[in-house]
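User: I am new to this structure. Please take me through its main features, one question at a time.

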Amino acid sequence: MTSVLSVSLALTAIAISPTTAKIPGDSIAPKSIAQITENSKLKPLIETEISQRLQALPNWTRDGKTIKYTHEFENFVQAVSFVNCLISPSEKAGHHPDIAIAYNRVTISLTTHDAGGLTKQDFELAETISKLVSEWMPGNVCLVVEGSG
């Protein structure tokens with residue numbers, strides 16, 4: 001009887017409502033069931049879709065199941081400042097790029113790991129990042145606020 005009770009108590013420790021699911025102590029914001037369902041429906045794009053979408057993204061290249069973009073800034077401070085500007089749109093999209101900084105060079109890589117390849121979500125975030133790059137100016141400061149997005 002004790003083992004049944006402890007399992008029951010452990011299950012009640014996970015708070016689930018019809019719209020959200022969250023494990024207590026989990027610092028990540030709860031995801032709505034709609035978000036979870038939407039993410040599970042992401043499917044890899046077919047080759048022709050990938051080629052078409054990549055043509056619309058100058059300076060992005062494909063490396064297998066990943067698209068990449070590299071931008072060179074004047075210095076390290078500008079590179080890091082730009083990377084901070086990626087936080088809010090990435091959080092809002094619920095999709096996060098892999099980012100490498102080598103002094104003044106920032107390389108951004110996108111893929112949808114859960115789908116095992118490139119999805120519409122990767123290209124939408126790539127478009128947003130391209131727009132940020134085109135509008136970014138030295139001295140831009142993007143505030144990093146906990147829970148932004």
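The turns below go from the whole chain to single residues.

User: What kind of model is this, and how many helices and strands does the protein chain have?

Analyst: This is a predicted model. From the N terminus on, the elements run α-β-β-β-α-α-β-β-α-α-β-β-α. The count is six helices and seven strands.

User: What share of the residues in the protein chain count as buried?

Analyst: The accessible surface of the chain comes to about 10000 Å². Carbon and sulfur atoms hold 58% of that surface. The chain has 149 residues, and the buried share is 27%.

User: For contacts with a separation of 6 or more, what percentage joins residues 24 or more positions apart?

Analyst: Take the contacts in the protein chain with a separation of 6 or more. Residues 24 or more positions apart account for a share of 60%.

User: Which element gives the most residues to the largest nonpolar core?

Analyst: The largest nonpolar core has 23 residues, and those with the most contacts inside it include Trp60, Phe82, Phe123 and Ile129. The elements that give two or more residues are α3 (47-55), β5 (66-72), α4 (76-84), β7 (105-110) and α6. With five residues, the top contributor is α6.

User: How far does α6 reach from its first C-alpha to its last?

Analyst: Helix α6 covers residues 120-135. Its buried residues are Gln121, Asp122, Phe123, Leu125, Ala126, Ile129 and Val133. The helix has 16 residues, and 22 Å is expected at 1.5 Å a residue. The span in the model is close to that, at 23 Å.

User: Which residue of α6 forms a salt bridge with Glu124?

Analyst: The partner lies in the same helix, four residues from Glu124, about one turn away. Residues three or four places apart on an α-helix point the same way, because there are 3.6 residues a turn. Glu124 is partly exposed at 39% relative accessibility. The closest N and O atoms are 3.7 Å apart, and the partner is Lys120.

User: How far apart are the closest N and O atoms of Glu135 and Lys131?

Analyst: Glu135 and Lys131 are four residues apart in helix α6, so about one helical turn separates them. Glu135 is partly exposed, with a relative accessible area of 48%. The two form a salt bridge, and the closest N and O atoms are apart by 3.9 Å.

User: Which residue meets Asp63 in a salt bridge?

Analyst: Asp63 has a relative accessible area of 45%, so it counts as partly exposed. Its partner is partly exposed too, at 28%. The N to O distance is 3.4 Å, and the partner is Lys68.

User: How many salt bridges are there by this rule?

Analyst: The rule asks for a side-chain nitrogen of Lys or Arg within 4 Å of a carboxyl oxygen of Asp or Glu. Among those that qualify are Asp63 with Lys68 and Glu124 with Lys120. The count comes to five.

User: Is Leu86 buried or exposed?

Analyst: Leu86 sits in the loop between α4 and α5 (87-93). Beyond residues up to four places away in sequence, Leu86 touches Ile99, Ile108, Ile129 and Leu132. The cut-off for this class is under 20% relative accessible area. Leu86 has 2%, so it is buried.

User: Which residue of α6 that touches Leu86 is also in contact with Leu110?

Analyst: Leu110 is in contact with residues including Trp60, Ile67, Leu125, Ala126 and Ile129, leaving aside neighbours within four places in sequence. Leu86 touches Ile129 as well. Ile129 is among the buried residues of α6. The answer is Ile129.

User: Which residues make the nonpolar surface patch of about 480 Å²?

Analyst: Two elements, α4 and β6 (98-102), each supply at least two of its residues. Ile101 lies in strand β6. At 37% relative accessibility, Ile101 counts as partly exposed. The patch is made by Phe76, Val77, Ile99, Ile101 and Tyr103.

User: Which residues does Glu72 touch, not counting those up to four places away in sequence?

Analyst: Glu72 lies in strand β5. It counts as exposed, at 52% relative accessibility. Tyr103 is 31 residues from Glu72 in sequence and 9.1 Å away, C-alpha to C-alpha. The residues touched are Asn104 and Arg105.

How values were computed: Residues are numbered from 1 along each chain as its sequence is written. This is a predicted model: local features need pLDDT of at least 70, side-chain atom pairs count only at pLDDT 80 or more; totals for chains, interfaces and linings use all residues. Side-chain values use heavy atoms; hydrogens and water are left out. Buried means under 20% relative accessible area, exposed over 50%, partly exposed in between (1.4 Å probe, protein chains only). A nonpolar core is a set of buried Ala, Val, Leu, Ile, Met, Phe, Trp, Tyr and Cys residues joined through side-chain atoms within 4.5 Å. Contact means heavy atoms within 4.5 Å. The expected span of a helix is 1.5 Å times one less than its number of residues. Patches are made of residues with over 30% relative accessible area and no salt bridge: like charges are joined within 9 Å, nonpolar side chains (Val, Leu, Ile, Met, Phe, Trp, Tyr) within 5 Å. Accessible areas come from the Shrake-Rupley method with a 1.4 Å probe; for residues, only the protein chains shown count as cover.
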